[in-house]
Amino acid sequence: QVQLVESGGGLVQAGGSLRLSCAASGRTFSNYAMGWFRQAPGKEREFVAAINWSGGNTYYADAAKGRFFISRDNAKLTVYLQMNSLKPEDTAAYYCATDRTYRSESYPFRYDYWGQGTQVTVSS
């Protein structure tokens, strides 16, 4: 069983920054890719960013490129999403997830465990 807990969300002004954290437990964390997703009111869940098991490869949605940066600290069992130059359109609940395949390099990944989410609200 895997448990993922997101934190770091909040209310920020447009142009500001936030760093989200996703703390993992119950699995060999360093052997699995991780991803960040978001869901705004009335919209479908969408992909934001992903990082492979070793941290050597990162992937971003077009809306996140150049502004958001995903990283991981395997010693701390934590994945981060640094969000800069935030826009009102970034307002959403943000979720982290873990890939279901051991040391997969088959992007896009397929996720099997999800966190509860953390709310990010960007005011204009």
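Start with the whole chain of this predicted model. Among contacts between residues at least 6 apart in sequence, 59% join residues at least 24 apart. Color by secondary structure next. Eleven strands appear, and zero helices. From the N terminus on, the elements run β-β-β-β-β-β-β-β-β-β-β. The radius of gyration is 14 Å, close to the 14 Å that the globule rule gives for 124 residues, so the chain is as compact as a globular protein of that length. Along the principal axes, the C-alpha atoms fill a box of roughly 40 × 30 × 25 Å. Of the 124 residues, 44% are buried.

**Stop 1: the open sheet**

Select β1, β3, β7 and β8. These four strands form an open sheet in the order β1-β3-β8-β7, with antiparallel pairing. Look to the edges: β1 (3–7) and β7 each pair on one side only. From one strand to the next, the twist averages 15°.

Zoom in on β1 and β3. Five bridges join these antiparallel strands. Pick E6 and look across to β3: the bridge partner of E6 is C22.

**Stop 2: the largest nonpolar core**

Show side chains for W36, V48, F68, I70, L81, M83 and Y94. Which members of the largest nonpolar core touch the most other members? These seven do, in a core of 27 residues. Now add the strands that each supply at least two residues of this core: β3 (18–25), β4 (34–39), β5 (46–51), β7 (68–73), β8 (78–83), β9 (92–99) and β11 (118–123). β3 gives the most, with four residues.

Apart from this core lies another, of seven residues. Select F37, A50, F109 and Y111, which are among them.

**Stop 3: Y94**

Return to the largest core and center on Y94. Leave aside its neighbours within four places in sequence. Y94 is then in contact with E6, L20, W36, F37, R38, V48, F68, L81, M83, G117, T118 and V120. E6, the bridge partner of C22, is thus back in view.

**Stop 4: R38**

Move from Y94 to R38, in strand β4. Is R38 buried or exposed? R38 is buried, because its relative accessible area of 8% falls under the 20% cut-off.

Display the polar contacts of the R38 side chain. One goes to the side chain of D90, at 2.9 Å. Another goes to the side chain of Y94, at 3.0 Å. Finally, show what surrounds R38. Not counting residues up to four places away in sequence, R38 touches E44, R45, E46, V48, A63, F68, E89, D90, A92, A93 and Y94.

How values were computed
Residues numbered from 1 in each chain as written. Predicted model: local features only at pLDDT ≥ 70, side-chain atom pairs only at ≥ 80, totals over all residues. Heavy atoms only, no water. Core = buried A, V, L, I, M, F, W, Y, C linked by side-chain atoms within 4.5 Å. Buried < 20%, exposed > 50% of the residue type's maximum accessible area, 1.4 Å probe, protein only. Contact = heavy atoms within 4.5 Å. Pairing = 2+ DSSP bridges. Axes fitted to C-alpha atoms, helices over the stretch in contact; angles between N-to-C directions. Polar contact = N/O pair within 3.5 Å; in protein donor to acceptor, adjacent residues only side chain to side chain. Rg over C-alpha atoms; globule rule 2.2 N^0.38 Å.
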